[in-house]
Amino acid sequence: MATSWCEAPAPLPGAGSDPPALEVKGLCYAYGYLSVLAGLDLELGAGEILALLGPNGAGKSTLLGVLAGLVPAAKGTVLRWGRPPRAGDGTVLLGHQSFLFEELTAMENLEYWARLAGLPLGRAGEALAAEGLGLSASVPVHRLSRGTVQRLAICRAWLGSPRLVLADEPSTGLDPDAAARLWARLGAVRDSGGAAVVVGHDVPALLEHADRYAILAAGRLLDQGEAAPWRGRSDQFVERYRQVVASAPRRRPTALGVGERVSSPVGGAGAADWWRSLGAVLARDGRLWTAGSERLGLVLSFGLLAALIFGLALDPTTVNLRPVFVGILWVALMLAGLPAFGASLATEWENDALDGYRAAGHDPAALFYGKALVHLAVMVLAEAVLVPAFLLLLQVRAGAALLPLLGALALGTVGFVAASTLVAAVVSRALGSRAGAVLPLISLPLLSPLLLGTVRLAQGYLDGTPGPVAPWVWMQVAYALLFWALPAVLFGLVAEA
């Protein structure tokens, strides 16, 4: 039996024999112990646009998050076209945030989303042309106006042929012409047998274009009906809206806490989708590392600066630096790489890009492995530059020990990249762009065993006293296997946090 705050209203009548676009029954959600959605029932038929209205904090955005498969509901069911949310059912989310990457151009952003959807890259140019954004194709997103970014987000949503559109105040920042094009797009979805839920506060526009309306307050749908009778009577509708909202019951605490919520991710992605996601992330992150932020250049310049400082502070002509060579090298790599990894992970939460990725049904683990592989390539490139530089500036002669030394560094690098990428994801999720400053300190306890093992093994080769090799090698292998395997399970939790 439902709790008192989660009592569902009477179910809505069916929309016909065909599966409805949306069917929500007994939906409950709570932030902590405060109810947000309380036994909500909703049905949206094919060929309908629903205008969802309500005061700030009513739970409208939360409801769209649940419908998109992003927000875990405590109770209830959500069906899209008669089935649980799944990838490839034509659902797109057009949220408050753009899901775009600031450092990439308009074209590069759309090409990334086209790759994720398995669409030809030419669709990106077609989408920009259709929205009149051809001149903005090569402009980085951070240089575009708020309205242009929103138009670009609309292009992203319409790269394919959306069948169900979940739009949260989609006309924000749009000029009248762009807003008219948006409503024409939504009307075309409806006319083709699709459906849309549109959250907004522009009452005249919502009543003009929607087929039905629903008023959400205190986590409940308190009023709903046909929109047509209210067209041209928006003032009367606003008065009715105010009366309905004023009559809403107060939110009640609930015993249904955070720990009882269950995840409701979008399912249905197969192996081909996983590999396509991985390829899209690899292509996108490869561009991110060379566009705008110059992260790769920062990693290399920081490493070279560290080599120069140690070379000047510890005069190689009077001090034998062979015993500390590998330690100095790894300190430089860690201090240079970790902040860059943190900044790279932080981009996934800027503009809610990761939410868009998840809403489309893509596995967060594929995102992790794509980023980790790019980080691995960065580390290999950095070591290809820094190892010779350190050998030269610190006047260390490796001789016959060079190949074993490089092998030990390579083995340590594989484990370092996986562990540091996972830690960077957790910390950047909590701190955003500020994560880079504290990542080396936070990561040190976790990375210490790997760093010590790598330094001990590599230094032994360099000094000509490797000692027992097998224990250090096995420790590095076990470390690498552990941290390359863990994200397959853990990164999804980080993404949903």
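Start the tour by selecting asparagine 109, which counts as buried because its relative accessibility is 0%. The model on screen is a predicted one.

**Helix α2**

Asparagine 109 belongs to helix α2, residues 106–117. Display the residues around asparagine 109: setting aside neighbours within four places in sequence, the contacts are Leu100, Phe101, Leu104 and Val141.

Now select the whole of α2. The buried residues of this helix are Ala106, Glu108, Asn109, Leu110, Tyr112, Trp113, Ala114 and Leu116. What covers them? The cover includes α3 (122–130), α4 (146–157), α8 (271–288) and α11 (353–359). To check the length of α2, place a distance between its end C-alpha atoms: they are 17 Å apart, which agrees with the 16 Å that twelve residues should span at 1.5 Å a residue. Just after α2 comes glycine 118, with a positive phi near 70°.

Stay with tryptophan 113 for a moment. Arginine 156 lies over the face of its ring, 5.6 Å from the ring centre. For another such arrangement, go to tryptophan 81, where the charged end of arginine 163 sits over the ring at 3.8 Å from the centre.

**The six-stranded sheet**

Next, select strands β5, β6, β7, β3, β8 and β9. In that order they make an open sheet with mixed pairing. At the edges are β5 (91–94) and β9 (220–226), each pairing on one side only. From one strand to the next, the twist averages 15°.

Strand β8, residues 212–217, is the next selection; it pairs with β9 in the antiparallel sense over six bridges. On its partnership with β3 (residues 48–53), β8 runs parallel, and four bridges join the two. Strands of a sheet pair through backbone hydrogen bonds, either parallel or antiparallel.

Some residue pairs to pick out along β8:

- Leucine 53 stands opposite isoleucine 215 in β8.
- Alanine 214 has glutamine 224 in β9 as its bridge partner.
- Alanine 217 faces arginine 220 in β9.

Is β8 enclosed or open to the outside? Six of its six residues are buried, so the strand is largely enclosed by the rest of the structure. In a regular strand the side chains alternate between the two faces of the sheet. For β8 both faces are covered: on one side Arg212, Ala214 and Leu216 are buried, and on the other Tyr213, Ile215 and Ala217 are buried too.

Follow the chain from β8 into β9. The two form a hairpin with two residues between them, and alanine 218 in the turn has a positive phi of about 55°.

**The three-stranded sheet**

Move to strands β2, β1 and β4, which in that order form an open sheet with antiparallel pairing. The edges are β2 (34–44) and β4 (75–80); each has a single partner strand, so one side of each is left without a neighbour in the sheet. The twist here averages 25° from one strand to the next.

Select β1, residues 22–31, together with β4: five bridges join these antiparallel strands. Lysine 25 stands opposite threonine 77 in β4. Add helix α1, residues 60–67, which lies across β1, β2 and β4 and runs at about 120° to β1.

**Aromatic side chains**

Show the aromatic rings. How many aromatic pairs does the structure hold? There are twelve. One of them joins phenylalanine 368 and tyrosine 369, an edge-to-face pair with 5.2 Å between centres and 80° between planes. Phenylalanine 368 and tyrosine 369 are both buried.

Another pair is tyrosine 479 with phenylalanine 483: the ring centres are 4.8 Å apart and the planes lie at 35°, so this pair is tilted. Both residues sit in helix α15 (residues 470–485), and because they are four residues apart, about one helical turn separates them. Tyrosine 479 and phenylalanine 483 are also buried.

Then select Trp274, Trp275, Phe368, Tyr369, Trp484 and Phe491, which form one aromatic cluster.

**Last stop: alanine 205**

Finish at helix α6, residues 203–209, where alanine 205 is found. Is alanine 205 buried or exposed? Its relative accessibility is 19%, and the cut-off for buried is under 20%, so alanine 205 counts as buried. Arginine 231 is 26 residues from alanine 205 in sequence, and their C-alpha atoms are 9.1 Å apart.

Key. Residues numbered from 1 in each chain as written. Heavy atoms only, no water. Buried < 20%, exposed > 50% of the residue type's maximum accessible area, 1.4 Å probe, protein only. Phe/Tyr/Trp six-rings, centres within 6.5 Å; stacked < 30°, edge-to-face > 60°. Lys NZ or Arg CZ within 6 Å of the ring centre and 35° of its normal. Contact = heavy atoms within 4.5 Å. Expected span 1.5 Å × (residues − 1). Pairing = 2+ DSSP bridges. Axes fitted to C-alpha atoms, helices over the stretch in contact; angles between N-to-C directions.
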